[in-house]
Amino acid sequence: MSPFTLTLIKLAFLAVLWLFVIAAVGVIRADMFGSKAATRAAQQPRPPKPAKAAAKPPRAAQRSAPHQMVVVQGERAGTVIDLTGVPITIGRANDSTLVVTDDYASSRHARLFAQDGQWIVEDLGSTNGTYLGRTKVTRPMPVPPGVPVRIGKTVIELRK
């Protein structure tokens with residue numbers, strides 16, 4: 001092989017190596033500080049709910065709505081959080097409602113919030129994803145009572 005070809009191969013290898021390093025730093029940065037999409041979503045003002053949605057849900061919906069979030073697997077197994085209508089954030093960040101010290105959870109991993117009498121789970125741009133049952137959460141999805149929500153090694157369920 002000619003010296004010119006060897007030099008080109010070395011430069012191509014070096015470029016690929018630097019691309020890998022830059023990608024790894026980007027993933028670490030997003031895990032530590034949150035992704036840009038999650039930050040933008042948290043900063044966007046939510047439109048006010050119409051007067052009809054602000055009214056109390058029917059009695060049947062109140063009875064069927066879950067009242068507790070229970071951690072069934074993981075380091076925090078047995079933890080119970082009452083569902084009061086306030087959004088619940090889950091992640092490794094200290095200001096999260098449910099702080100999980102799991103290597104597979106992001107600092108701002110997921111959020112549970114009440115909407116129209118049901119609870120919705122939303123992935124906040126996590127690295128490893130959030131799963132509702134066996135389905136990966138790619139958009140806000142309603143959480144039926146008893147269906148497991150998996151975040152890393154932590155599994156939670158909503159209960160009545």
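This section describes the fold, the nonpolar core and selected residues of one protein chain. The model is predicted.

The protein chain contains four helices and eleven strands. It has 160 residues, of which 31% count as buried. The accessible surface amounts to about 10,800 Å². Carbon and sulfur atoms contribute 61% of that surface. Contacts were also sorted by sequence separation. Among those between residues at least 6 apart, 39% join residues at least 24 apart.

Five strands of the chain form an open sheet. Their order is β4-β3-β5-β6-β9, and the pairing is mixed. The edges are taken by β4 (98-99) and β9 (141-142). Each edge strand has a single partner, so one side of each is left without a neighbour in the sheet. At the β9 edge, β6 and β9 pair in the antiparallel sense over two bridges. Here Val121 stands opposite Met141 in β9.

The largest nonpolar core holds 21 residues. Within this core, Met69, Ile90, Leu98, Leu112 and Ile156 touch the most other members. Six strands each supply at least two residues of the core: β1 (68-73), β3 (88-91), β5 (110-115), β6 (118-123), β10 (149-151) and β11 (154-159).

Leu98 illustrates the packing. Neighbours within four places in sequence were left aside for this residue. Leu98 is then in contact with Met69, Ile90 and Ile156, which also rank with Leu98 among the core members touching the most others. The remaining contacts of Leu98 are Val71, Thr79, Ile81, Thr89 and Gly91.

Ile151 is found in strand β10. Its relative accessibility is 2%, under the 20% limit, so Ile151 counts as buried. Residues up to four places away in sequence were again not counted. On that basis, Ile151 touches Ile90, Asp102, Ala105, His109, Ala110 and Thr130. Ile90 therefore appears in the contact lists of both Leu98 and Ile151. Ile151 and Asp123 are 28 residues apart along the chain, and their C-alpha atoms are separated by 9.6 Å.

Asp116 lies in the loop between β5 and β6. Both flanking strands, β5 (110-115) and β6 (118-123), supply residues to the core. Asp116 itself is exposed, because its relative accessible area of 60% is over the 50% cut-off. The backbone of Asp116 also stands out. Its phi is near 55°, a positive value in a residue other than glycine. Most residues other than glycine have a negative phi.

Definitions and conventions
Residues are numbered from 1 along each chain as its sequence is written. This is a predicted model: local features need pLDDT of at least 70, side-chain atom pairs count only at pLDDT 80 or more; totals for chains, interfaces and linings use all residues. Side-chain values use heavy atoms; hydrogens and water are left out. A nonpolar core is a set of buried Ala, Val, Leu, Ile, Met, Phe, Trp, Tyr and Cys residues joined through side-chain atoms within 4.5 Å. Buried means under 20% relative accessible area, exposed over 50%, partly exposed in between (1.4 Å probe, protein chains only). Contact means heavy atoms within 4.5 Å. Two strands pair if DSSP finds at least two bridges between them. Accessible areas come from the Shrake-Rupley method with a 1.4 Å probe; for residues, only the protein chains shown count as cover.
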